[in-house]
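Me: I have a chain open and want to go through it with you. Can we start with how a charge and a ring are judged?
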Amino acid sequence: MLETTLRELFRRWTPRLERVGGPLAMPRDHSPFVRVDYESGLASAGGYTGDGVVLTHVAATALADS
């Protein structure tokens with residue numbers, strides 16, 4: 001039921017995207033993140049909202065430097 005409500009709100013807010021499909025995800029706190037676990041060697045970045053092109057580049061640069 002929550003999914004239907006979010007879908008309807010999104011369509012109301014962005015009527016031009018009526019026919020566009022796919023998943024929509026956004027962190028609840030609206031905060032992007034870059035995480036590095038040096039012990040395991042794993043890193044992740046995410047939480048982008050909007051276009052995210054510049055922030056994606058900044059996060060990738062930060063991860064590449066770590």
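Reply: A charge sits over a ring if NZ of Lys or CZ of Arg is within 6 Å of the ring centre and within 35 degrees of the ring normal. Keep in mind that this is a predicted model.

Me: Which residue lies over the face of Phe33?
Reply: Arg35 does, at 4.0 Å from the ring centre of Phe33.

Me: And how many aromatic pairs are there in the whole structure?
Reply: Zero; the search covered the whole structure.

Me: Back up a bit. What pattern does the chain follow along the sequence?
Reply: The order is α-β-β-α, made up of two helices and two strands.

Me: How many of the residues count as buried?
Reply: The chain has 66 residues, and 6% of them count as buried. The exposed area of the chain is about 6,100 Å², with 57% of it supplied by carbon and sulfur atoms.

Me: What about contacts between residues at least 24 apart?
Reply: They make up 17% of the contacts in the chain between residues at least 6 apart in sequence.

Me: Which residues make the nonpolar surface patch?
Reply: Val34, Val36 and Tyr38 make a patch of about 290 Å².

Me: Stay with Val36. Where is it placed?
Reply: Val36 belongs to strand β1, which covers residues 33-37.

Me: Why does Val36 count as partly exposed?
Reply: Because its relative accessibility is 31%. Buried would need a value under 20%, and exposed one over 50%.

Me: What does Val36 touch, leaving out residues up to four places away in sequence?
Reply: Leu42, Ala43, Leu63 and Ser66.

Me: Ser66, then. How far apart are Val36 and Ser66 in sequence and in space?
Reply: They are separated by 30 residues in sequence and by 7.8 Å in space, taken from C-alpha to C-alpha.

Me: New topic: Glu8. Which helix is it in?
Reply: Glu8 is in helix α1, residues 2-13.

Me: Is Glu8 buried, exposed or partly exposed, and why?
Reply: Partly exposed, because the relative accessible area of Glu8 is 38%. That value falls between the cut-offs of 20% for buried and 50% for exposed.

Me: And how far is Glu8 from Glu18?
Reply: In space, 9.9 Å from C-alpha to C-alpha; in sequence, Glu8 and Glu18 are 10 residues apart.

Technical notes:
Residues numbered from 1 in each chain as written. Predicted model: local features only at pLDDT ≥ 70, side-chain atom pairs only at ≥ 80, totals over all residues. Heavy atoms only, no water. Phe/Tyr/Trp six-rings, centres within 6.5 Å; stacked < 30°, edge-to-face > 60°. Helix = DSSP H or I, 4+ residues; strand = E, 2+ residues; numbered from the N terminus. Buried < 20%, exposed > 50% of the residue type's maximum accessible area, 1.4 Å probe, protein only. Contact = heavy atoms within 4.5 Å. Areas by Shrake-Rupley, 256 points an atom, 1.4 Å probe, with all protein chains shown as cover. Patch = residues over 30% accessible without salt bridge, like charges linked within 9 Å, V, L, I, M, F, W, Y side chains within 5 Å. Salt bridge = Lys/Arg side-chain N within 4 Å of Asp/Glu carboxyl O.
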